[in-house]
Amino acid sequence: HSHRHRMAGHLGPRLGHLPALQRQRLAQSTDQAAETSSREGIFGYVSKEIVEMGYVDEGYEELYSDINRLGRGPQESYEALCSKSDSEVLDLFWDMYLSIREPKVQPSLFSFSPSQSLSGGRFPCADINCRLRNAQRLCNFSVMYADNVFVPFPLNDLLKEAESNSSLDRNLFLDALILIKMYEPLVRAGLLYFQPDLVTTCPSCTVHLNQIQQTFQNRFESIGSPVIQSVLNSLQVYVMKEGEEVYLKILPCPELGIQESSFIHFRYEVPSVVLSALNKDGIGASLDFESMREIGLAQQIFQEINDDLSMYNEQNIEAQCSYLTDRPSDLTVLKGMSDSVSFEDISHYRILSQLTHSIPYLANISTEKILKLRKEEGDAFDNYRSSITKAMKSVKLVTANDYRDFYRDEIQCGINNIQHAVKNAKNTYMSDALLMAGSICISVAQLGIPPELAPVASLASGALGAATVTDIIRKHRENINGTKAMGYYFLWKL
């Protein structure tokens with residue numbers, strides 16, 4: 001089998017190392033957060049209507065049955081995990097992990113592979129409440145606009161330890177289960193599928209995947225790395241001291257998806273480069289880029305973006321997904337990588353990359369109620385997705401005027417229908433919902449070129465001529481050997 005491992009984020013509180021009393025308070029606050037932000041409950045009630053949708057296979061049924069048997073809430077489930085031996089916890093992990101099978105879905109432009117941060121990953125904050133808030137944003141978007149979403153399996157965080165038969169961190173295990181339960185309404189509605197990092201492939205397919213990964217990695221290191229470094233230069237990190245503890249404070253940086261201040265606490269000893277930033281009065285200065293490199297922070301952020309885009313590149317070729325992120329820096333990197341393939345020579349894709357627009361979304365409301373809206377007003381959401389797909393695939397839309405007319409006549413019409421449906425629902429069964437406006441930026445990315453396009457792959461690191469790019473697009477549209485040379489990416493901003 002072939003493995004795809006992602007690096008877990010280390011910014012923010014490390015839940016696995018909180019004292020027991022603090023952990024208990026966290027579990028209680030998590031229950032309260034579930035009551036307000038996700039009323040179907042985290043380990044609790046999911047309506048009979050959702051359960052009976054019948055879209056899940058036996059594997060997901062087994063997964064949720066295993067979680068429900070642990071306990072009725074985070075605290076009870078945590079106690080159950082602690083009462084088990086290391087081998088019993090390991091067996092439970094593998095029972096859950098191996099229950100997830102490859103989904104059989106029809107791919108579309110609105111099949112999304114979201115970034116880890118948007119999926120509730122442990123970066124930029126490992127606190128479960130922060131992770132739940134990010135995951136809820138993904139749920140709010142997906143339940144209204146996605147055909148399906150392929151989310152990194154939360155249990156991936158424990159895979160390396162499980163493979164080495166190590167003792168699994170019960171706290172991290174519980175956090176993963178909380179996220180899995182939060183996603184249950186979307187799973188049962190047939191909208192969300194988990195993506196394990198453990199992939200079984202034959203030797204020839206392993207070679208194929210390795211070629212794709214290597215092609216992408218070469219492009220990322222030569223083109224993406226300098227872009228990320230320029231973004232990191234704008235990151236503000238300050239050395240702080242309270243009592244005897246020295247820690248770091250990272251100021252909000254929306255470009256990197258860091259929406260609020262994050263803190264780094266050192267588990268063992270404080271690096272000398274951090275201590276040297278303190279003056280004799282204990283007042284700290286900001287860290288420069290080289291200092292961030294020395295303590296590993298720059299590499300952590302770099303690796304997070306690298307992992308997300310690398311995983312998307314694989315899924316785009318395997319499942320033909322669109323990339324969904326809330327980090328504008330990802331688009332900066334993708335644009336840098338795409339420019340090397342000279343997409344600017346093709347007016348359709350140049351103009352298409354400017355197709356940014358606002359769409360309504362709902363906040364402070366349960367996932368189940370939004371599912372009800374989508375079920376009752378399905379035509380409005382279908383028409384919007386169809387209009388975007390038509391714009392992306394059309395060969396007749398060439399000039400800026402073409403796109404402006406198409407946007408006015410079809411896309412804006414679809415958005416208006418959604419707004420009308422949402423307002424009607426808000427006046428009836430969603431009176432407590434907040435109607436918000438988000439923005440969508442859609443564009444085209446050229447990432448790793450599949451080995452089937454070998455004549456082009458050798459030129460991947462340089463600029464290609466317009467005729468070569470046109471040939472890539474032609475082969476892409478013909479879907480040669482089931483692979484794609486290009487991928488779409490969406491920036492979702494609240």
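**View 1. Lys181 sits in helix α8 of this predicted model.** Let us start with a single residue and see what surrounds it. Is Lys181 buried or exposed? Its relative accessibility is 2%, so Lys181 counts as buried, the cut-off for that being under 20%. Two polar contacts of its side chain are worth finding here. One joins Lys181 to the side chain of Asn68, at 3.0 Å. Another, of 2.6 Å, links the side chains of Lys181 and Glu184.

**View 2. Helix α8 covers residues 170-182.** Stepping back from Lys181, we can look at the helix that holds this residue. How far apart are the end C-alpha atoms of α8? They lie 18 Å apart, which agrees with the 18 Å that 13 residues should span at 1.5 Å a residue. Of the 13 residues of α8, 13 are buried, so the helix is largely enclosed by the rest of the structure. At the start of α8, look for Asp169: one of its side-chain oxygens comes to within 2.8 Å of the backbone nitrogen of Asn171.

**View 3. Strands β7 and β8 run antiparallel.** Here residues 245-250 form β7, and four bridges join this strand to β8. Across the pair, Lys249 stands opposite Phe263 of β8. In a regular strand, side chains alternate between the two faces of the sheet. Which residues make up the covered face of β8, residues 262-265? Ser262 and Ile264 do, while Phe263 and His265 form the uncovered face.

**View 4. Confidence varies along the chain, with helix α5 highest and helix α19 lowest in mean pLDDT among the elements.** The mean is 96 for α5 (residues 86-97) and 22 for α19 (residues 454-457). Over residues 1-42, pLDDT stays under 50, and the model has 113 contacts beyond four places in sequence for them. Residues 341-346 also stay under 50, with 22 such contacts in the model. Where pLDDT is low, the predicted coordinates should not be read in detail. For the chain, the average pLDDT is 75, and 73% of the residues score at least 70.

**View 5. The chain that frames these close-ups has 20 helices and twelve strands.** Of its 494 residues, 54% are buried. Among contacts between residues at least 6 apart in sequence, 81% join residues at least 24 apart. The accessible surface comes to about 21,000 Å², and carbon and sulfur atoms account for 50% of that surface.

Definitions and conventions: Residues are numbered from 1 along each chain as its sequence is written. This is a predicted model: local features need pLDDT of at least 70, side-chain atom pairs count only at pLDDT 80 or more; totals for chains, interfaces and linings use all residues. Side-chain values use heavy atoms; hydrogens and water are left out. Helices (H or I, at least four residues) and strands (E, at least two) are DSSP runs, numbered from the N terminus. Buried means under 20% relative accessible area, exposed over 50%, partly exposed in between (1.4 Å probe, protein chains only). Contact means heavy atoms within 4.5 Å. Accessible areas come from the Shrake-Rupley method with a 1.4 Å probe; for residues, only the protein chains shown count as cover. The expected span of a helix is 1.5 Å times one less than its number of residues. A polar contact is a pair of N or O atoms within 3.5 Å; within protein, one must be able to donate a hydrogen and the other to accept it, and residues adjacent in sequence count only if both atoms are side-chain atoms. pLDDT is the predictor's confidence in each residue, from 0 to 100. Two strands pair if DSSP finds at least two bridges between them.
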